[in-house]
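Colleague: Could you take a close look at one part of this model for me? I would like to hear about the sheet and whatever surrounds it, in as much detail as you can give.

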Amino acid sequence: MTVTATKTAAVFISGGGSNLQALIDAAEQDVLGFQLRAVFSNRADAGGLQRAQEAGIETCVVPSRGVSDRVAYDRTLAVELDRFAPDLIILAGFMRILSAGFVSRYAGRILNIHPSLLPLYPGIDTHARALAAGDSRHGCTVHFVTEELDGGPRIMQGAVDVLEGDTARTLAARVLEVEHRIYPRAASLVAEGRVSCRNGRCYLDGEVLGEPLHDTA
Ligand code: GRF
């Protein structure tokens with residue numbers, strides 16, 4: 001884990017956690033601008049929990065199954081989260097929509113990665129939708145979370161060419177590699193205070209960021 005970073009983050013997952021793994025790997029290589037303080041999941045069977053445990057990161061499961069009251073669920077989540085007092089909340093395949101109250105409580109501190117070149121294809125089935133539209137480029141976006149689903153200010157994007165014969169599966173796999181590259185970088189810029197979100201706009205080094213940063217692989 002990086003010794004220089006003073007900021008902390010909690011990562012929220014629901015599944016396999018390959019993006020979480022990319023963050024863990026970056027921390028171990030000392031290139032992450034924050035410490036991974038805790039991993040939260042709404043599912044006890046999320047594969048990413050094991051990745052966290054193996055990396056020595058505390059885990060917290062707040063089961064969502066059968067809980068229909070979103071506001072009550074998010075209140076419980078906030079109580080658990082505040083025990084760790086993270087500077088950042090990093091959604092990495094967290095398959096729940098957060099309530100307006102939760103989002104405003106942590107305004108400007110919640111990040112998400114979405115597998116499309118937003119504003120194209122918010123929501124699900126992004127790879128299939130890009131293929132159906134005949135797009136020649138597809139990719140992923142790291143953005144601040146606001147009340148609008150996948151609609152918050154964009155920080156960084158990475159793209160791949162859509163290849164002849166691509167299926168949603170092959171395309172998703174190539175996009176995922178880009179996700180693993182850009183999420184640690186984008187989140188580090190926020191933790192280091194270089195990128196911020198104010199009044200629905202994204203700033204880089206104090207200047208409005210009109211277009212998202214690009215993957216510089
Ligand atoms: C990623 O495709 C991410 O963009 C989306 O959910 C998926 C999570 O994958 N939000 P993983 O659990 O990080 O492997």
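**The sheet and its surroundings**

Modeller: Happy to! Let me begin at a small spot beside the sheet: Arg198 lies over the face of Tyr203, 4.0 Å from the ring centre. Please keep in mind throughout that this is a predicted model.

Arg198 belongs to strand β8 (residues 195–198), where Ser196 and Arg198 make up the uncovered face, while Val195 and Cys197 make up the covered one. Strand β8 runs antiparallel to strand β9 (residues 201–204), and four bridges join the two. Within this pairing, Tyr203 of β9 stands opposite Ser196. The hairpin of β8 and β9 has two residues between its strands, and Asn199 there takes a positive phi near 50°.

Now to the sheet itself. It is open, has eight strands with mixed pairing, and follows the order β3-β2-β1-β4-β5-β6-β7-β11. Strands β3 (58–61) and β11 (213–214) each have a single partner strand and stand at the edges, so one side of each is left without a neighbour in the sheet. At the β11 edge, the pairing with β7 (residues 154–161) is parallel and rests on two bridges. Leu213 in β11 is the bridge partner of Met156. Helix α6 (residues 168–191) packs on the sheet, touching β4, β5 (110–114), β6 (137–144), β7 and β11. The direction of α6 makes about 155° with that of β7.

Strand β6 deserves a pause, and Thr141 is the residue I would pick from this strand. Its relative accessibility is 0%, so Thr141 counts as buried. The Thr141 side chain nevertheless finds polar company: it reaches the backbone oxygen of Ser116 at 2.6 Å. A polar atom of that same side chain of Thr141 also lies 3.1 Å from the backbone nitrogen of Leu118. Setting aside neighbours within four places in sequence, the contacts of Thr141 include Asn112, Ile113 and His114, then Ser116, Leu117 and Leu118. Arg154, Met156 and Gln157 are also in contact with Thr141. Met156 is the residue we met above as the bridge partner of Leu213.

Let us move along to β1 and the aromatic rings. With ring centres required to lie within 6.5 Å, the count comes to five aromatic pairs. One of them is Phe12 with Phe40, a tilted pair at 5.3 Å centre to centre and 35° between the planes. Phe12 lies in strand β1 (residues 8–13) and Phe40 in strand β2 (residues 35–41), so this pair ties together parts that are 28 residues apart in sequence. Both Phe12 and Phe40 are buried. Phe12 has another ring partner in Phe94: the centres are 5.1 Å apart and the planes stand at 65°, so this pair is edge-to-face. Phe94 sits in the loop between β4 (88–91) and α4 (100–105), so its pair with Phe12 of strand β1 ties together parts that are 82 residues apart in sequence. Phe94 is buried, as is Phe12. Ring pairs link Phe12, Phe40 and Phe94 with Phe84, Phe102 and Tyr106 into a cluster.

I will close with another charge over a ring. The charged end of Arg96 sits over the ring of Tyr73, 4.1 Å from the ring centre.

Key. Residues numbered from 1 in each chain as written. Predicted model: local features only at pLDDT ≥ 70, side-chain atom pairs only at ≥ 80, totals over all residues. Heavy atoms only, no water. Phe/Tyr/Trp six-rings, centres within 6.5 Å; stacked < 30°, edge-to-face > 60°. Buried < 20%, exposed > 50% of the residue type's maximum accessible area, 1.4 Å probe, protein only. Lys NZ or Arg CZ within 6 Å of the ring centre and 35° of its normal. Pairing = 2+ DSSP bridges. Contact = heavy atoms within 4.5 Å. Axes fitted to C-alpha atoms, helices over the stretch in contact; angles between N-to-C directions. Polar contact = N/O pair within 3.5 Å; in protein donor to acceptor, adjacent residues only side chain to side chain.
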